[in-house]
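Reader: Could you walk me through reading a structure like this one, feature by feature? I would like the general idea each time, then the case at hand.

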Amino acid sequence: PRSRPADRVAPQPVAPPPPDARPDEVASPAVVPDDSGETARPEQQQTAPEAATDRIVTEAEKGREVAPAQSLRPRARPARPVAVAKERERPAPKPPADTRKAVNAALAEALGGATPSPATPRGPPLTAGEKEALRLAVSQCWNVGSLSSEALRTTVVVSVSMKRDGKPEIGSIRMLSSQGGTAAAARQAFEAARRAIIRCGASGYRLPLEKYDQWRDIEITFNPERMRIK
């Protein structure tokens, strides 16, 4: 700790007096009675001159601090965010596509809404007699008289989807392949085959309903020499 500066200015600096000394220009020791109670001279209090300094301190210097009275305690660093908190903020990774499909399938099955698998063909295949009956029914409406000589030498394979009542789905009729003629002759032969299927199937072909999965999709080969059912 720093000593309190002296308020008095003197030619020579004077140290601060003892705490019990009485201020006086002349320094004298204290006189106390001895153990016998007898003293050679009367009791006297210690005196000492007041503290003095040989340096005049201005008002500006009085307010100036040479050094801080005490050192400041360093500030604590702010706490860093915990890494675990950041991890919690991150969205959970999405499961792989295969896992999601498996989970969705399990949920659908548990809720009774599982997607049924494609129906497999039921019932025995069409007999030769049933195929022949269908061929004869289509051939009754197959008019080859309007075909050109080149179209009569052209064979076309036509596919058609049938409804449960035996009627053909007109939008499903298409030519799969052709052989023996030009593209124009194949188109002419296909149009004749398409008209035959639609006209004779207007009231529905007579086919066994229990074998519907067998004749739902049919391929017919229109050959001027011989028509075949597949």
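Author: Happily! Let's start with a strand and its two faces: T155, V157, S159 and S161 point one way from β5, V156, V158 and V160 point the other way, and all of them are buried. Buried means under 20% relative accessible area, exposed over 50%, and partly exposed in between (1.4 Å probe, protein chains only). Helices (H or I, at least four residues) and strands (E, at least two) are DSSP runs, numbered from the N terminus. Before we go on, note that this is a predicted model, where local features need pLDDT of at least 70, side-chain atom pairs count only at pLDDT 80 or more, and totals for chains, interfaces and linings use all residues. Residues are numbered from 1 along each chain as its sequence is written, and side-chain values use heavy atoms, with hydrogens and water left out.

Reader: Why is strand β5 largely enclosed by the rest of the structure?

Author: Because seven of the seven residues of β5, which spans residues 155–161, are buried. For the chain, buried residues make up 23% of the 230 residues.

Reader: Which strands pair with β5?

Author: Two strands pair if DSSP finds at least two bridges between them. Here, β5 runs antiparallel to β6 (residues 174–179), with five bridges joining them. In that pairing, V156 has S178 as its bridge partner. Strand β7 (residues 217–222) also pairs with β5 in the antiparallel sense, over six bridges, and there V158 is matched with I220.

Reader: How many helices and strands are there in the chain?

Author: The chain has seven helices and eight strands. For contacts, take heavy atoms within 4.5 Å. Among the contacts in the chain with a separation of 6 or more, 70% are between residues 24 or more positions apart.

Reader: How should I read cavities, and how many of 30 Å³ or more does the structure hold?

Author: Rolling a probe the size of a water molecule over the atoms shows where empty space is left. On a 1 Å grid over the protein atoms alone, a cavity is a set of points where a 1.4 Å probe fits but cannot get out, and lining residues have an atom within 4 Å of a point. Grid points are joined across faces, edges and corners, and a volume is the space filled by probe spheres set on the points. The structure holds two cavities of 30 Å³ or more.

Reader: Which residues line the largest cavity?

Author: L134, V138, V160, M162, I197, Y205, I218 and I220 do. The elements giving two or more residues to this lining are α4 (128–139) and β7. The space inside is about 40 Å³. By class, the lining has eight nonpolar, no polar and no charged residues; Ala, Val, Leu, Ile, Met, Phe, Trp, Tyr, Cys and Pro count as nonpolar, Asp, Glu, Lys and Arg as charged, and the others, Gly among them, as polar.

Reader: What lines the second largest cavity?

Author: Its lining is W142, L147, A151, T154, V156, A189, F222 and P224, around a space of about 30 Å³. Seven of these residues are nonpolar, one is polar and none is charged.

Reader: Is E191 buried, exposed or partly exposed, and what about R195?

Author: E191 counts as partly exposed because its relative accessibility is 36%, and R195 does so at 34%. E191 is found in helix α6 (residues 183–200), and R195 lies in α6 too. The C-alpha atoms of E191 and M175 are separated by 9.4 Å, with the residues 16 apart along the chain. R195 and N143 are 52 residues apart along the chain, and their C-alpha atoms are separated by 8.7 Å.

Terms used:
1 Å grid on protein atoms, 1.4 Å probe; cavity = no way out; pocket = protein on both sides within 12 Å on 5 of 7 lines; lining within 4 Å.
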